[in-house]
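Student: I'd like to practise reading a structure with you. Could we go through one feature at a time?

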Amino acid sequence: MASATRPTTWLVTGASRGIGLEFVRLLVSSPEHVVIAACRRPESATALQALKESERGERLHVVRMDVSDFDSIRASVKQLEPILDDVGLDYLINNAGIITEDTAFTLDPEQLMDILRTNAAGPALVSQVCLPFLEKGTRKVVLNVSSTGGSIATSDQRKDKKYTSYSMSKAALNMLTVKQKAERPDIIAITLDPGWVKTDMGGKDGLLEPEESISSILKIVTSATPADSGKYLRYNGESLPW
Ligand code: NDP
């Protein structure tokens with residue numbers, strides 16, 4: 001655990017709205033956290049701007065990062081260095097993601113590449129550029145926000161067959177997590193389904209309010225130990241079949 005004088009540091013991608021914004025909102029409410037909210041357009045991220053202007057704003061840093069643009073990810077290091085060079089990064093939350101409706105025999109391969117780029121290649125590169133900061137951190141946790149859609153074992157049981165490219169991208173993210181764990185035993189890499197959450201992506205019929213999902217996820221990641229690395233979990237801590 002971090003000492004009393006050292007803040008716990010977090011980087012959340014895709015923080016402008018939805019699940020990413022909820023991570024930031026819950027984290028900045030506690031004085032022990034310093035939070036870096038990464039988003040592709042800080043100038044139009046109005047909810048983040050409002051948090052920044054609140055009394056909690058001094059512990060919030062908003063940085064520009066488009067996870068589908070590899071130059072943007074690499075360029076973000078210059079924004080991260082002044083915040084993280086001394087203290088390191090405790091938690092990286094690879095949250096940014098996109099979805100599209102498609103099926104195996106109708107999918108547009110260009111759209112598939114876009115989804116793989118944002119949902120799998122982006123998190124891989126973000127993890128790479130953050131590794132030097134994670135090495136300096138106390139907790140060294142990488143949380144990859146996945147989906148039950150990435151589960152090959154349960155794919156046949158799922159009622160909707162519509163999200164083929166998305167499911168492929170989350171299966172790739174799951175494999176990335178396993179590889180991260182295998183290559184770096186000092187890092188705790190977890191892939192996790194947040195549940196069906198009421199966001200722009202989840203829609204209004206979602207089963208969970210963002211706060212319910214994210215407060216549970218925060219308990220899981222803050223108590224995670226090296227024995228949890230490489231796990232595929234639900235937001236409530238249950239294991240998911242690969
Ligand atoms: P939303 O669509 O509500 O929000 C997506 C967020 O990702 C936005 O902040 C968006 O930014 C950001 N984003 C998208 N593309 C990029 C990019 N190239 N670079 C940086 N940021 C980007 O989705 P959710 O909040 O619901 O989903 C968050 C994560 O949770 C995703 O990975 C998703 O797959 C996963 N998930 C969600 C579920 C749900 O029920 N909601 C269920 C299972 C998994 P911008 O505002 O700029 O568009």
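**Reading a strand, a helix and a ligand shell**

Tutor: Let's begin with a side-chain pair: Asn119 and Ser169 make a polar contact of 3.1 Å through their side chains. Keep in mind that this is a predicted model.

Student: Where is Asn119 found?

Tutor: Asn119 sits in helix 4.

Student: And is Asn119 buried or exposed?

Tutor: The cut-off for buried is under 20% relative accessible area. Asn119 has 1%, so it counts as buried.

Student: Let's move on to strands. Which way do the side chains of a strand point?

Tutor: The general idea is that side chains in a regular strand alternate between the two faces of the sheet. Take strand 5 here: Val141, Leu143 and Val145 point one way, while Val142 and Asn144 point the other way.

Student: How many residues of strand 5 are buried?

Tutor: Strand 5 covers residues 141–145, and 5 of the 5 are buried, so the rest of the structure largely encloses this strand.

Student: What about strand 4: which of its residues point which way?

Tutor: From strand 4, Tyr91 and Ile93 point one way, and Leu92 and Asn94 the other way. These four are all buried.

Student: How do I read the pairing of strands? How many bridges join strand 4 to strand 5?

Tutor: Look for bridges and for the direction of the two strands. Strand 4 (residues 91–94) is joined to strand 5 by 4 bridges, and the two run parallel. Tyr91 has Val141 as its bridge partner in strand 5, and Ile93 has Leu143.

Student: How does the chain get from strand 4 to strand 5?

Tutor: The chain passes through helix 4 (residues 109–136), making a right-handed β-α-β crossover. That is the helix that holds Asn119.

Student: Which other strands pair with these two?

Tutor: Strand 5 is joined to strand 6 (residues 188–193) by 5 bridges, and these strands run parallel. In that pairing Val145 stands opposite Leu192 in strand 6. Strand 4 also pairs with strand 1 (residues 8–13), in the parallel sense, over 3 bridges. There, Trp10 stands opposite Tyr91.

Student: Which residue lies in the loop between helix 4 and strand 5, and what should I check in its backbone?

Tutor: Lys140 lies in that loop, and phi is the angle to check: Lys140 has a positive phi of about 60 degrees although it is not a glycine. Its relative accessibility is 17%, so Lys140 counts as buried.

Student: Now the ligand. How many residues surround it, and which are the closest?

Tutor: A good start is to list the shell and then look at atom pairs. There are 30 residues around the ligand, and the closest are Ser16, Asp66, Asn95, Tyr166 and Thr199. By type, the shell divides into 11 nonpolar, 12 polar and 7 charged residues.

Student: What are the distances to oxygen atoms of the ligand?

Tutor: Ser16 has a polar side-chain atom 2.6 Å from a ligand oxygen atom. For Lys170, an N or O atom of the side chain is 2.9 Å from an oxygen atom of the ligand. Val197 uses its backbone instead, with an N or O atom 2.8 Å from a ligand oxygen atom.

Student: How much of the ligand's accessible area does the protein cover?

Tutor: On its own the ligand has 900 Å² of accessible area, and the protein covers 93% of that.

Student: Which elements give two or more residues to the shell?

Tutor: Those are helix 1 (18–28) and helix 5 (164–183).

Methods. Residues numbered from 1 in each chain as written. Predicted model: local features only at pLDDT ≥ 70, side-chain atom pairs only at ≥ 80, totals over all residues. Heavy atoms only, no water. Near = heavy atom within 4 Å. Polar contact = N/O pair within 3.5 Å; in protein donor to acceptor, adjacent residues only side chain to side chain. Areas by Shrake-Rupley, 256 points an atom, 1.4 Å probe, with all protein chains shown as cover. Nonpolar A, V, L, I, M, F, W, Y, C, P; charged D, E, K, R; others polar. Buried < 20%, exposed > 50% of the residue type's maximum accessible area, 1.4 Å probe, protein only. Pairing = 2+ DSSP bridges. Right-handed = clockwise from strand over helix to strand, strands pointing away.
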